[in-house]
Amino acid sequence: MTDVPRPAFELLPGAARSPVILHVPHSSRAIPADVRAGIVLDDAALERELDHITDAHTADLAEAAAGLAGVTPWRFVNRASRLVVDPERFPDEREEMTAVGMGAVYTRTTHREVLRPAGTDPEPLLERYFRPYARAMTEAVADRLAATGRAVIIDVHSYPAEPLPYELHGEGPRPPVCLGTDGFHTPPALLTAAREAFASCGETGLDSPFAGTYVPMEFYLKRAEVGALMVEIRRDTYMTEPGGPPGPGLSCLAGSLAALVDAVSA
């Protein structure tokens, strides 16, 4: 398995006047050897699982968009696989994905097979990876608030063309671009800007098959100056599934994401 730097995330600076943070939590396949030891899959099965669970090439997409944007956004990128911890899950009973073994520390795979042994204590991974990530993301948002008076988190994700068994809401529409929203943190202007920016890449849908946004708990439902939107891109529009190389669709998506960044930076 690939080693992971400490800390297992990276904040890439943007323009001082940019309120935007492109958040890329699920793009990495890297798993430290000591974490790998707690996963029961053999190497071939683990590679297949990484093909399904990783939001492949989304870090490259965010990087390309940052380069195209008129006002360079900040980027917060997870350098560890979500099989280490998933930084976007609640670490407690509030997390609905715990029902399928995919809370902050996964115990089941995308196909509901055993990933970690029953009774695995999540606390060591939460302490080593989850909490430092949450603190750093909180600090990044606070820094944008202090510098610009607002912050806009744009979550960059992808999802498979066909539902996987772990999905709790996989029966709904699966448009080329799904926009996940929050009633408090996603203002109408942000949603409108996203729909306009991604119109050239195909249909955009709302909160299906994935809904919601990521906002650090210190600001969640407390600070309306923190805007948030999740951008979920259907993988067949830009890559070969599962886990294959990117295709020409990535360029269109990078341009659209850059247009969104510029629209909300104005």
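**Entry 1: helices H3 and H6**

I looked up the crossing of two helices in this predicted model. H3 passes H6 in a right-handed crossing. I read off the packing of H3 (residues 58-68) on H6 as an angle of about 55°, with the axes 8 Å apart. That angle makes H3 oblique to H6.

I then listed the residues that make the contact. On the H3 side I noted Leu61, Ala62, Ala64, Ala65 and Leu68. On the H6 side I noted Leu250, Leu253, Ala254, Gly255, Leu257 and Ala258. I sorted the residues of this contact by class and obtained 10 nonpolar, 1 polar and no charged.

**Entry 2: the sheet**

I traced the sheet next. It is open and is formed by 7 strands, which I wrote down in the order S1-S3-S2-S4-S7-S5-S6. The pairing in this sheet is mixed. Which strands stand at the edges? I found S1 (9-12) and S6 (204-206) there, each with a single partner strand, so one side of each is left without a neighbour in the sheet. Neighbouring strands of the sheet are turned by 20° against each other on average, direction ignored.

I returned to H6, now for its place against the sheet. Helix H6 (residues 249-265) packs on the sheet and touches strands S2 (20-24), S4, S5 (177-180) and S7. The direction of H6 makes about 165° with that of S4.

**Entry 3: the pair S4 and S7**

I examined one pair of strands in detail. S4 (residues 151-159) and S7 (residues 226-234) pair in the parallel sense over 9 bridges. As a point of reference within the pair, I recorded that Ile153 stands opposite Ala228 in S7.

**Entry 4: Arg235**

I located Arg235 in the loop between S7 and H6. Is Arg235 buried or exposed? I found a relative accessible area of 5%, so Arg235 is buried. Leaving out residues up to four places away in sequence, I listed its contacts as Asp51, His52, Ile53, Thr54, Asp55, Ser158, Tyr159, Pro160 and Glu241.

**Entry 5: Asp51**

I followed the contact from Arg235 to Asp51. Asp51 has its place in helix H2 (residues 43-53). What does Asp51 touch, not counting residues up to four places away in sequence? I noted Arg29, Arg235, Pro242 and Gly243. For Arg29 I also checked the backbone: its C-alpha atom and that of Asp51 are separated by 8.6 Å, with the two residues 22 residues apart along the chain.

Key. Residues are numbered from 1 along each chain as its sequence is written. This is a predicted model: local features need pLDDT of at least 70, side-chain atom pairs count only at pLDDT 80 or more; totals for chains, interfaces and linings use all residues. Side-chain values use heavy atoms; hydrogens and water are left out. Two strands pair if DSSP finds at least two bridges between them. Helices (H or I, at least four residues) and strands (E, at least two) are DSSP runs, numbered from the N terminus. Axes are lines fitted to C-alpha atoms, for helices over the stretch in contact, and angles run from 0 to 180 degrees between N-to-C directions. Contact means heavy atoms within 4.5 Å. Angles under 35 degrees count as roughly parallel, over 145 as roughly antiparallel, 65 to 115 as roughly perpendicular and the rest as oblique. A crossing is left-handed if the near helix is turned anticlockwise from the far one by less than a right angle, and right-handed if clockwise. Ala, Val, Leu, Ile, Met, Phe, Trp, Tyr, Cys and Pro count as nonpolar, Asp, Glu, Lys and Arg as charged, and the others, Gly among them, as polar. Buried means under 20% relative accessible area, exposed over 50%, partly exposed in between (1.4 Å probe, protein chains only).
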